[in-house]
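User: Please take a close look at a single charged residue in this model, and then follow outward from it to the elements around it. I would like one connected account, with the cut-offs stated where they matter.

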Amino acid sequence: MTEGSRIPGFYRLTIAERRSLVAERSGVPLEELEAALRRGGLDAEKADKVVENVLGTYALPFGVALNVRVNARDHLVPMVVEEPSVIAAASNAARMIRASGGFTAEVSEALMTAQVQIVSVPHPAEAVAHLVNATPKLLELARAAVPNLLARGGGPREIEVRDLGSGMIVLHVYVDCRDAMGANLVNAIAEAIGPSAAELARGVLGLRILSNLCDRRRVRVRCRVHPRDLALAAKERAHEAPPPSTEPASQPARSAPSEPPAAPADGWVDGRVVADRIVLASRFAELDPYRAATHNKGVMNGVDAVVLASGNDFRAVEAGAHAYAARSGRYSPLVVWRRDGDDLTGELEMPLALGTVGGTLRVHPVAQVALRLMRISSADELSMIAASVGMASNLAALRALATEGIQRGHMSLHARSVAVAAGALGGEVERVALVIAEERSITVESATRVLALLRTSR
Ligand code: MEV
């Protein structure tokens, strides 16, 4: 088996060739990969067992990000996303990062949080003391609710009690869910200990549910990019288009990040200038929640695509990410970029509750195969990979925004979907897309006209 996630020219291959290569690299037999991907993996009968009122299924593109190296291991990373350029951009940025060693990632203690609300508490300070003193009993009750989790080495670890004021108390149980996302486990624990907790507090039992702000299950990713790779990548955007004909400008003196770096005269931007502009883009997001929201949307482009491909709950991940981004009272970026010497360095921190067992994984063959393609054996590894792809997506977006703008790359890829919508097939897609992109008229009408011309000129 040829290992690694670096496959130059992958995008030029046919779908069948890509599948063969990915099967070879991942060790997943080709027949199994193809069987899983047939009809998007889920037929209506199976879907009918998953949710209610089913009429059919709804397919989305399933691709792989390349060049992703996390903690010195290469991974092909499945992504499910409908937005053009997300997979290509993440792969390009991952290549720049890989050249300086790849992503360094770690997961915190990996505890999920169960919440029990108790209301109408007559003496909150006393109630808090009673609950804290009853920690061993409450943990015992919690353990009894999840025998299978205990058998897997997980279980409730800690109890915390907070007085929210107005006679309301909340009790948290922190639970190690091992390789499960853990929503059902945590909810079972909250429901099991709720009545006893309310009795101890002499209050009335309220909600019993997990918190999606799983700030004790965080992932942290760091990376470094050499300016040479930022600049080279600039040339290779838009599917490795030929570099500009002019020579790169001579290396300018390092400008302070607070001064706007010089504008590119000819489309080529020196890597150190790109790095400074990315730092300024990061500062923008740190200072302005309006920008931070879009900055984080770029991060979630990558994270969500991996979360979806692996059969995990992207709504839970989104809720946690944005609540964490606002933890200081000001909505902030999940990834921050700085200069370290000539290099650009990035740091991401976010909560991420992902599972490699249970949930959708039980029923969805594509999600099952997605985990095998990544060649991982734990939920922690999945979180580190998803967060790394999020960081790559953010870097790709900032690099594009800081240089030529986002529209050119987006539009050339958007043109392909428009060409397909106009009925272009096979090699026609690229040819029609190229013409309508050059004409700057990316509409189905233009694509239909160009396609008709192409077909009559044969
Ligand atoms: C588009 O899907 C994501 C971006 O808007 C992110 C960003 O602005 O950083 C390009």
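Analyst: **Glu-286 and its surroundings**

Glu-286 sits in helix α10, where helices (H or I, at least four residues) and strands (E, at least two) are DSSP runs numbered from the N terminus. The model is predicted, so to speak, from sequence numbered from 1 along each chain, and local features need pLDDT of at least 70, side-chain atom pairs count only at pLDDT 80 or more, and totals for chains, interfaces and linings use all residues. Side-chain values rest on heavy atoms, with hydrogens and water left out.

Leaving aside residues up to four places away in sequence, Glu-286 touches Arg-330, Pro-333, Val-336 and Arg-338, contact being heavy atoms within 4.5 Å. With one of these, Arg-338, the side chain of Glu-286 makes a side-chain polar contact at 2.7 Å (a pair of N or O atoms within 3.5 Å; within protein, one must be able to donate a hydrogen and the other to accept it, and residues adjacent in sequence count only if both atoms are side-chain atoms). Leu-334 lies 48 residues from Glu-286 in sequence, while their C-alpha atoms are 9.4 Å apart in space.

The next step outward is a sheet. It is open, with 4 strands in the order β3-β8-β10-β9 and antiparallel pairing (two strands pair if DSSP finds at least two bridges between them). β3 (104–107) and β9 (335–340) are its edge strands, each paired on one side only, and from one strand to the next the twist averages 15°. Within this sheet, β8 (residues 218–225) pairs with β10 (residues 343–351) in the antiparallel sense over 8 bridges, and Arg-222 has Glu-347 in β10 as its bridge partner. Helix α10 (residues 271–287), which carries Glu-286, packs on the sheet by touching β9 and β10, and its direction makes about 140° with that of β9; axes are lines fitted to C-alpha atoms, for helices over the stretch in contact, and angles run from 0 to 180 degrees between N-to-C directions. Another helix, α14, lies across β3, β8, β9 and β10 and runs at about 45° to β8.

Helix α14 also leads to the ligand. The residues surrounding the ligand are Glu-83, Arg-291, Thr-294, His-295, Lys-297, Gly-298, Asn-301, Ala-397, Leu-398, Leu-401 and Ile-406, each counted as near if one of its heavy atoms lies within 4 Å. For both Glu-83 and Arg-291, a side-chain N or O atom is 2.6 Å from an oxygen atom of the ligand, and for Lys-297 the corresponding distance is 2.7 Å. Two or more residues of this shell come from each of α11 (289–309) and α14 (379–402), with α11 giving the largest share, 6 residues.

A further open sheet of 4 strands completes the account, in the order β5-β6-β4-β7 with antiparallel pairing. β5 and β7 (204–211) each have a single partner strand, so one side of each is left without a neighbour in the sheet, and the twist here averages 20° from one strand to the next. β5 (residues 155–165) and β6 (residues 168–176) pair in the antiparallel sense over 9 bridges; among the bridge partners in β6 are Val-170 for Arg-162 and Asp-176 for Gly-155. The hairpin of β5 and β6 has 2 residues between the strands, and in it Ser-166 takes a positive phi near 55°.
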